[in-house]
Structure formats: C-alpha cells, structure tokens
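The following exercises concern the nonpolar core and the charged pairs of one protein chain. Each task is followed by a solution in steps.

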Amino acid sequence: MSHTYELELRGCTPEPLMAYLKALGIFRSVSEQKDANARAWWKNDTFFLRSTLDHDALLEFFLEEYRPTPIVSPWNGGSGFYPKGNSTAVETINAVRATDSPRMAEYRQTVRIARQILDDMGIDEKPSKDKTNILAKCRNLLPDFSIDWLDAAYVLTSNDPVYTPILGTGGNDGRLDFSIHFMSNSILAMTGMEIGKKPSKRVDPEKRRKGWLETSLFDEGNTPLVNRPVGQFNPGGAGGSNASSGFQGGAMLDPWDYVLMFEGALLFAGAAARRLSQRTSTKAVFPFTVDNSAAGYGTSTDSEYGGASRAEFWAPIWDRPANLDELSHLVSEGRAQLGRRQVASGTDFARAVAGLGTERGINQFQRYGFMVRNGLSYLAAPLGRFYIRNDRDTAQRANVLFDLDSWLESLRRNTTGSSPPAGLGTAMKRIETSIIDFCQRGRPQDLQNVLVEVGHMERWLAKSSIGDRVRPLNSLSRDWLEHADDGSPEFRLARSLASILREPPSGEQKIGPIRENLEPVDTGRGVTWNASSTSFVWNTGDPLSNMLAVLDRRVMDGQRRGIEGGHPPLDSYYSARLRDITDFLNDDVDIQRVADLALPLSFIRHSHRRDSNNANMPRRQLDAPFALPPAYATMKLTLLPRMFECEAFGIGETTIRAEPRMLALLRAGRIHDAYEVAYRRLVSSGLQPLSADPGIKDRSELGRRLAAALLFPLDKTSNKALAQRALRKPIDKQESESESDSQTEN
C-alpha cells in the first residue's frame with residue numbers, strides 16, 4: 001500500500017473566488033491525472049490535500065505531467081479563431097497548434113476540431129446571429145475531454161442558451177475572453193516563457209515557473225508576478241486606482257492561479273435535466289448559483305435588485321475528507337431546495353441553509369456576488385460566510401417563512417426593470433437582510449425582526465403607487481407566535497394588542513379586527529387595500545398617540561353601532577399580563593418595539609373558536625402587582641369588552657358602560673379629571689371605588705401612557721386583580737372573610 005501525505009495548501013483559501021476555485025482545480029487535476037484516491041477538505045480557512053504526493057512530488061506533477069483541460073470558445077469574437085479579431089489571441093491559438101508537447105495533445109486536437117466546425121459553417125468573422133448554432137455544434141462535435149468546459153460555460157435550453165455567472169456570458173466578461181487567457185497562462189505557467197517573446201537573459205524560465213507554482217500552492221517564495229488581466233475572480237488583483245504605490249496599478253497575476261482556477265470552475269457544470277420552472281431562477285441551472293439578493297452585506301445598493309448584479313454564488317466548504325467522486329456528486333446534486341422548489345435567490349439560499357435543505361457534508365458557505373463595482377465590469381465580491389447550524393429549532397422556525405413566499409415574489413417582480421419604484425429596493429433589502437440575519441443566528445428575536453420589516457413594507461405599500469399590483473399580505477400561521485416568542489414583555493403586549501377581534505352576536509353589525517385600524521385594508525373577504533377606510537387611524541406619529549387613536553376609534557365604533565351594554569370592541573384571542581402593563585406604565589417597556597410588532601402580528605390567522613383563547617398563557621391573574629396604579633385599574637374597569645363580575649368581591653354580572661370623555665382628558669394630561677369620570681361611572685354602576693383621588697399628579701406624558709395602556713386587552717382572570725386595586729369589598733363580604741380567618745386561626 002502506497003504511503004499518503006497530508007499537505008496544507010496555504011495558497012488556497014475561501015477568499016477571493018480565484019483562491020477558492022484554485023483549490024478545487026488542484027484537487028480535480030491530481031485526482032483525475034495522478035491519484036484517484038486523493039481526498040481534500042477545508043480546515044481553518046485553508047485547503048488540505050491527502051494523496052500519494054508529498055510537497056516536492058506535487059510540484060513536480062504540475063511542472064512536468066499536468067495536462068490542461070482544453071478550453072476553447074469559438075463562439076466568442078475574442079477567442080483567437082477569427083483573423084480579424086485580436087492579434088494577440090490569434091497568436092495564442094497558433095502557439096497551441098504549433099506546440100509539440102504531449103501535454104498539449106488534447107488541446108491541439110480540440111482547437112483543430114473547433115476550427116473545422118467554423119469552416120464547415122462558413123464562419124470566418126466574429127459571429128453575431130450564429131452563436132447558438134456554434135454552441136450546439138461544439139456540444140455535438142468537440143471531443144469528450146473538452147465537454148467539462150462546455151457544460152460549465154453554458155446550458156442549451158429549448159429557448160436561448162443559459163450561461164453560468166461564474167464564467168461570465170459563455171466564457172467571457174465583456175471583451176475579456178477567458179479561454180484565450182487560459183491558453184496563454186497555461187503555456188506561460190508550464191514553460192515560464194511568454195508567447196511570441198524572446199526569453200530575457202535576466203530571467204530563468206525554470207526558476208520562474210517553479211516559483212509561481214510554489215506561491216500558488218503553498219504561499220511560498222517571492223517570484224515577481226506578471227501584469228495580466230484577472231477578470232472578475234480576484235478584485236484585489238485587478239489593478240486600478242490605488243492598486244500600487246502610485247495613483248494607478250496594473251493587474252498582477254500568478255499564471256498558475258489563473259490556470260488552476262479554471263480547472264476548479266469546471267466542477268460547477270450546469271445541467272439541463274432540471275428544466276426551468278416559472279418559480280425557478282435561470283441561474284439555478286448551475287449548482288449553488290442564484291439570483292442576487294441585495295441584502296446581508298454592508299456594500300449593497302438598491303440598484304443591485306436590477307441590472308447591477310449578475311447573480312450570487314454560494315461556495316460550499318466542507319470539513320470532512322472527500323474524494324473527487326463525492327465532491328462531484330455533492331456539486332451535481334447539491335442544489336438547495338425550499339419545500340418542493342429550487343431556491344431562486346440569495347435569501348432563499350440562506351433559508352435553505354437554515355432549514356437544512358442542502359446536501360449533507362457541507363458545514364459552511366462562502367457567499368459571492370457578481371457585482372458591477374468598477375465602471376461596467378463585474379467583480380466577484382465576497383458577501384460573507386454562512387454556517388450550517390444543524391439546529392433543529394432554527395430549522396423549525398425557518399419553516400414559518402414559507403408564509404411570505406408568494407407575497408415576497410410579487411414584490412421581487414416589481415424590483416426588476418430599469419426604473420423600479422423609489423424606495424422599494426430599500427424596503428426589500430431590509431426585509432431580506434432580516435431574513436438572512438435570522439437564518440444565520442436563528443433566534444426568536446431575529447424572527448421578530450423579520451416581522452418588523454414585513455410590517456414596515458406593508459405600511460410602505462399602503463402609500464405606494466404599486467399597491468394596486470401587490471396585494472396586502474393575506475395572513476400568517478399561528479406558528480409565528482410560538483417561534484417568534486422570546487419571552488419579552490414587548491412581544492407579549494404586542495401579541496395581545498394584535499389579537500383584538502370583535503366577534504359580534506348574531507344580528508349585530510360587525511366591527512373589524514384591529515388590523516383595519518393599523519393599516520388601510522378591508523378584511524371582509526380576503527384582505528384588500530381600502531384607501532377610503534374610516535377605521536384606519538395609525539399614522540406616522542409616536543406609538544402612544546397611535547395607540548390612543550386606535551382605542552378612540554374602537555370605542556367610538558362600538559357606541560355608534562350600538563353594541564349591547566356599551567362595551568368597547570376589545571375582545572381578543574390573547575390577553576396581556578398585568579405585570580407587563582405595570583412595566584409599560586413605568587416606562588420599562590420598549591413601546592416602539594411593541595408598535596412595530598403589533599401590525600405584522602395582526603396578520604396571524606386565529607381559529608373562529610375561542611376555546612384556546614390564551615394558549616401558553618397563565619390562566620389566572622388573581623393577585624395584582626403591587627405597583628399597578630389604582631388609577632389604571634379604575635379606568636380599565638370602564639373599558640372592559642364584557643360585563644364585569646368578581647366572585648371574590650361578591651360582585652355578580654355588572655354592566656359598566658364605556659366613557660369616551662375619559663380618553664380625551666387623558667390625552668390632554670388631565671389625569672384627575674379623567675379619573676373622576678371613571679370614578680363616577682363605577683359608582684353609577686353600583687360599585688365602590690377605593691378612593692376619589694387617583695394619587696397621581698397631572699402630567700401629559702403619563703396621561704397619554706395611561707390611555708395607551710387601556711388598549712391592551714385583559715381576560716376574565718384579571719377581574720379580581722383589577723378589583724383589588726380599584727374597589728372596596730362589600731361590608732358583608734369583608735365580615736364573612738374575617739370570620740373565616742378567625743375560625744382558621746382557632
């Protein structure tokens with residue numbers, strides 16, 4: 001059994017894209033041409049190779065034995081096949097045809113057949129109309145050893161050819177033809193000499209080519225690089241302003257980097273087996289390649305939702321040794337899924353990673369975006385690292401995002417084109433950033449942030465010109481309540497507020513759910529925009545004012561529509577905790593967070609039956625928190641959505657009518673006057689308030705906060721707690737309890 005060696009290839013890292021693809025190119029070349037049992041993996045952001053080759057043997061293999069994959073692009077004008085084209089390209093093609101090196105035999109054969117294809121088609125100038133025909137002829141007639149390049153460069157569909165963003169548009173990026181530069185750099189790397197140039201006496205070709213290879217593989221040595229274009233693969237080496245000690249710098253390249261990079265890119269071949277569906281991005285024909293989501297990275301711009309971005313590539317990183325067959329299977333079958341569909345965008349891919357919807361064996365992805373970042377040139381910009389959490393809780397939480405799919409898809413359709421609505425890209429970016437952040441961290445509060453941005457988008461749509469093309473988000477499942485619950489008072493208060501829904505007795509006029517107060521919609525049959533809504537009262541003001549406006553409207557609607565007993569329509573599926581309300585009154589709650597969560601939580605679908613009213617909530621609130629202000633308890637008793645009763649105080653069902661005047665007084669900061677109104681209403685209802693003095697000084701801010709707190713719904717289990725802080729017990733009840741206590745002591 002031959003001995004194996006484990007090499008750390010320090011020149012191969014996940015960033016930039018050139019270094020990542022180079023690592024795969026080394027692995028592919030060694031496995032196919034030297035050691036079929038070679039294995040490779042990533043560790044601490046460095047590529048490791050295990051094979052029968054030690055350090056020196058690996059260098060010798062590439063210097064003396066390596067055969068470059070034949071890469072030709074006769075469909076491109078700059079490919080060297082057209083005499084009227086670039087003279088340097090033509091010279092490079094001729095150099096390949098003239099070489100007698102056995103290592104270039106397959107290349108010579110491929111160039112000869114490609115030339116014959118063009119001659120048979122009568123094409124001797126840069127093709128314009130015949131490009132698709134040339135692609136088809138090449139696919140049918142070029143030798144098998146060149147098929148890897150063709151599969152990686154394009155896929156022929158029933159319509160137009162589809163090009164992988166990794167390799168530009170069919171093996172070129174603008175005027176830069178990748179195939180001709182691969183040929184040129186292959187000859188330079190293997191010989192150490194430039195095509196068409198006499199060797200300099202000051203340059204030792206043997207030392208030069210070995211020095212480049214040592215640098216490329218092991219990050220060793222200091223052999224000077226050459227001034228050659230690198231394309232989109234290494235933004236830091238592309239040259240330009242401030243790229244050197246002067247104002248301008250040329251592109252600096254190690255020829256072996258370029259050659260091995262393309263050998264690695266060939267692993268990511270496309271496949272026409274999975275035809276494009278209406279919901280699948282054209283980029284998804286190629287592994288781990290999707291449409292760009294201009295979110296989740298600091299340099300994103302709104303324009304990247306249009307034509308300023310070509311696509312995203314999610315480079316898989318694995319930490320367990322794998323052979324080439326395993327890696328090839330992973331790449332060919334590793335397209336991420338969301339439910340039954342392939343992912344279409346970067347945001348989708350993040351969701352698939354969070355939901356474990358990828359092929360097993362990958363523990364990280366390095367995200368790249370092909371962005372316009374230098375004039376009209378595309379660059380492969382690193383967009384961050386994503387880690388697969390293998391966290392069942394995160395995977396379950398991520399499933400609720402399916403509720404947003406059709407709504408988000410309609411939004412994305414409006415971000416494309418030359419002039420999407422102003423502000424839509426920004427709002428969309430914020431939603432997708434929140435989704436990506438959640439997928440990366442997986443916490444309930446991160447899922448809440450998704451809800452907040454969904455709410456912001458809904459408010460933006462309500463005022464936007466595209467509201468007639470994008471319907472409001474219809475509904476969300478109740479699973480959001482479970483998975484977004486971080487145990488905070490803000491979430492509990494928002495949940496109770498958002499679940500307010502009047503269910504009138506038969507024959508009584510319907511009053512809509514609180515969602516109709518929070519945005520201009522009609523929830524009668526489905527959810528539709530209603531620009532003329534009189535129920536909608538939430539505006540751009542502060543949360544306290546808006547909550548008070550909602551309470552005003554619901555109390556007014558209840559009285560106008562003659563609800564029996566004058567009770568305000570504040571029924572709810574979830575009630576608030578009195579301790580949370582106490583914190584709210586003491587300014588220990590983030591009121592803006594409550595307001596931001598209230599709208600999206602109002603989208604939750606609740607069952608019509610209320611037998612599960614307070615699921616996951618404490619069923620009894622028998623003792624009021626000591627700090628709960630009696631003024632709040634007294635006023636809240638006049639705003640209950642039902643008749644009041646409290647067995648502990650000997651109070652049977654009692655009707656306490658709402659007092660709208662109290663709210664106007666609180667808004668003005670007249671707490672004493674508002675309390676007096678509530679006091680008199682309790683007395684007229686046959687109850688005995690504890691005190692005629694609220695015990696609070698008149699203050700505008702406190703008055704508004706008290707009024708806003710009255711909007712939070714309470715259930716019947718709160719009646720005793722409210723009575724403890726607001727009412728006196730009847731004399732006979734007090735005497736009865738006193739006698740019972742005395743007997744217990746005896």
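**Exercise 1.** Identify the residues that touch the most other members of the largest nonpolar core, and the helix that supplies its largest share.

*Solution.* In this predicted model, the largest nonpolar core holds 211 residues, and Y20, F62, F584 and Y632 touch the most other members. Helix α1 (residues 17-33) gives the largest share of this core, with nine residues. Next, consider Y632: beyond its neighbours within four places in sequence, Y632 is in contact with L578, I581, L585, L706, A709, L710, L714 and L722. In soluble globular proteins, nonpolar side chains tend to be buried together.

**Exercise 2.** Determine which parts of the chain the salt bridge between E432 and R412 ties together, and classify E432 as buried or exposed.

*Solution.* The closest N and O atoms of E432 and R412 are 2.9 Å apart. E432 belongs to helix α14 (residues 424-441) and R412 to helix α13 (residues 405-415), so the bridge ties together parts 20 residues apart in sequence. The relative accessible area of E432 is 1%; E432 is therefore buried, the limit being under 20%.

**Exercise 3.** Carry out the analysis for E453 and R430, including the accessibility of each residue.

*Solution.* The side chains form a salt bridge at 3.1 Å, N to O. E453 is in helix α15 (residues 444-463) and R430 in helix α14, so parts 23 residues apart in sequence are tied together. E453 counts as buried at 13% relative accessibility, whereas R430, at 41%, counts as partly exposed.

Conventions: Residues numbered from 1 in each chain as written. Predicted model: local features only at pLDDT ≥ 70, side-chain atom pairs only at ≥ 80, totals over all residues. Heavy atoms only, no water. Core = buried A, V, L, I, M, F, W, Y, C linked by side-chain atoms within 4.5 Å. Buried < 20%, exposed > 50% of the residue type's maximum accessible area, 1.4 Å probe, protein only. Helix = DSSP H or I, 4+ residues; strand = E, 2+ residues; numbered from the N terminus. Contact = heavy atoms within 4.5 Å. Salt bridge = Lys/Arg side-chain N within 4 Å of Asp/Glu carboxyl O.
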